[in-house]
Structures are given as structure tokens and as C-alpha cells.
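I open these notes with a plain aim, which is to look up a handful of side chains and write down what surrounds each of them.

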Amino acid sequence: SWARDVYKRQLQNRRINLLSHDYGDIVAQELLYQYKQNQSGRLTIKSIHLSNGGIFPETHRPLLLQKLLKDGGVLSLILTWLMNFFVFSRGLTPVFGPCTWPSESELWDMWAGIRNNDGNLVIDSLLQYINRRKKFRRHWVGALASVNIPIHFIYGPLDPVNPYPEFLELYRWVSPREVYVLLVSHPDSGKQNCLLRAIGSSHCL
């Protein structure tokens, strides 16, 4: 897998604190699973810091546009080709919460990044991670629940994709020994200082 290749080529003989957000949380879960299976070479994961990713398929609530794109088929292909800044911004803005919406210039910067190298034409393929989350739940959630590594989750309860309190209740049940921090706003809101303070408060580093 991609995660195993990263281990073998780039992360051998290293001790790391792993920080991830959103889609990156799934990558972190896969890396953790590989680590648990002793497929990590000489890598040592000291701690993991996750933030507002849909790590549990049961409580994940994808937005309408995400649902349509992840299902594949003709409609998904048509939507991918019709995607423009207006559709993108309308679909993404609610994720930030009602009080922390990004500015139009910030949305344009995000859209420009997605358009780079025609990245907007593979959004439907990228969103297949939502389907894989269900397929590999046993591996990814099981790794979180069973490894003896400090795990720290930074959670913004206004995130509509990970609804409060359902998400937090499941997290407490799956990982009762782990710490979590509640942010008033979504971690995407540009308040990097709040995010850094939340990481520092975990005592996992």
C-alpha cells in the first residue's frame, strides 16, 4: 500500500509525532495500522494528533455534494466536469461552521489549488476514501482502539460532517483512555494559534 511504501522509503529509523487533519486522519489511521502490524521498519510513532476527520463511518455525515461524487457512475462524472468555483464554494463553506466561514479570497485560493494540474477532474476519485472508510473500518478503528500510543483528538463540534454529540460519544467509547480537546470553532477556521495550543495541551508530545 501507499502507507507501507512511505514507511519503507522515508520513515525508517525515525521517531515521530504524527499530526493529521480531515482526509489526513485516514492516512494516519492506515499508518497506525501498519505500525501495529509491525510493518513499519524501524519507525517509532510517539504520539498521534488527529483533528476533525471522519474517523468513524457510523457518525460521518458527508455533505450532499460529497455523497453524489463518491457514488461514482455517470452522475458523478458529469458533476466532476461541471464543477466550478460557485459549486465548490457553496459545497465547502458549511463545513467551517456558521461563525467561521472563509472569505471569498480564501475560497479562491483553495479553488486555485484544486485546479492545479486539473486536480478538480479527479475529485470523484479522491472521495472514494469515504467508501473505503467503511470497507476498512475494522483495521482503521481497531488500530485506534488497540495500540499503546498516546492519541489526541482535536474536535470542533460545529463541524456538520462529524455531528455533536454523536461523534464525541463514540470516540469516548472506542478510546476511553485518550484525550480530546473541544474547540469553539472548526480547526479549518484559520485560528492556527488555537490549534497549536490544543496540541500542546495534550501532554502527548
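**Entry 1: Glu 30**

I began with Glu 30 and found it in helix 2, which covers residues 23–36. The model is a predicted one, and I keep that in mind for every distance below. Is Glu 30 buried or exposed? I looked up its relative accessible area, which is 15%, so Glu 30 is buried. I then listed the polar partners of its side chain: the side chain of Gln 34 is at 2.6 Å, and the side chain of Trp 140 is at 2.7 Å.

**Entry 2: the whole protein**

Before going further I looked at the overall figures. The protein contains 11 helices and four strands, and of its 205 residues 44% count as buried. I also checked how the contacts are distributed along the sequence: among those with a separation of 6 or more, 77% are between residues 24 or more positions apart. The exposed surface comes to about 11400 Å², of which carbon and sulfur atoms supply 56%.

**Entry 3: salt bridges**

How many salt bridges does the structure hold? I found two. In one of them the side chains of Arg 137 and Glu 58 meet, with an N to O distance of 2.6 Å. This pair links distant parts of the chain, since Arg 137 belongs to helix 9 (residues 137–146) while Glu 58 sits in the loop between strand 2 (44–51) and helix 3 (64–70), 79 residues apart. I noted that Arg 137 has 26% relative accessibility and therefore counts as partly exposed, and that Glu 58, at 38%, also counts as partly exposed.

The side chains of Asp 71 and Lys 70 form a salt bridge as well, at 3.2 Å from N to O. Here I looked up both accessibilities separately: Asp 71 counts as exposed at 54%, whereas Lys 70 counts as buried at 13%.

**Entry 4: Asn 52 and Lys 135**

I returned to the loop between strand 2 and helix 3, where Asn 52 lies. Asn 52 has a relative accessibility of 2%, so I wrote it down as buried. What does the side chain of Asn 52 reach? I found the backbone nitrogen of Gly 156, at a distance of 2.6 Å.

For Lys 135 I noted a place in helix 8, which covers residues 129–135. Its relative accessible area is 66%, and Lys 135 is therefore exposed. I also looked up its separation from Pro 57, which is 78 residues in sequence and 9.5 Å in space, C-alpha to C-alpha.

**Entry 5: helix 5**

Next I went through helix 5 (residues 85–92), asking which of its residues are buried. I found Phe 85, Phe 88 and Ser 89 buried. Looking down the axis of helix 5, I saw that its buried residues fall within an arc of 90°, so they line one face of the helix. As a reminder to myself, an α-helix has 3.6 residues a turn, so residues three or four places apart point the same way. On the other side of helix 5, Phe 86 and Arg 90 are exposed.

I then asked what the buried residues of helix 5 pack against, and the answer is helix 6 (104–115). At the start of helix 5 I noted a side-chain oxygen of Asn 84 that reaches to within 3.1 Å of the backbone nitrogen of Phe 86.

Phe 88, in helix 5, deserved a note of its own. Its relative accessible area is 9%, so Phe 88 is buried. Leaving aside neighbours within four places in sequence, I listed Met 83, Leu 107, Met 110, Trp 111 and Ile 114 as the residues in contact with Phe 88. I also recorded that Phe 88 and Leu 65 are 23 residues apart in sequence and 8.9 Å apart in space, C-alpha to C-alpha.

**Entry 6: a nonpolar patch**

Last, I looked for nonpolar side chains on the surface. Which residues form a nonpolar patch there? I found Leu 64, Leu 68 and Leu 75, with about 280 Å² of accessible area together. Leu 64 lies in helix 3, and because its relative accessible area is 61%, above the 50% cut-off, I entered Leu 64 as exposed.

Terms used:
Residues numbered from 1 in each chain as written. Predicted model: local features only at pLDDT ≥ 70, side-chain atom pairs only at ≥ 80, totals over all residues. Heavy atoms only, no water. Salt bridge = Lys/Arg side-chain N within 4 Å of Asp/Glu carboxyl O. Helix = DSSP H or I, 4+ residues; strand = E, 2+ residues; numbered from the N terminus. Buried < 20%, exposed > 50% of the residue type's maximum accessible area, 1.4 Å probe, protein only. Polar contact = N/O pair within 3.5 Å; in protein donor to acceptor, adjacent residues only side chain to side chain. Arc of directions from axis to C-beta. Contact = heavy atoms within 4.5 Å. Patch = residues over 30% accessible without salt bridge, like charges linked within 9 Å, V, L, I, M, F, W, Y side chains within 5 Å. Areas by Shrake-Rupley, 256 points an atom, 1.4 Å probe, with all protein chains shown as cover.
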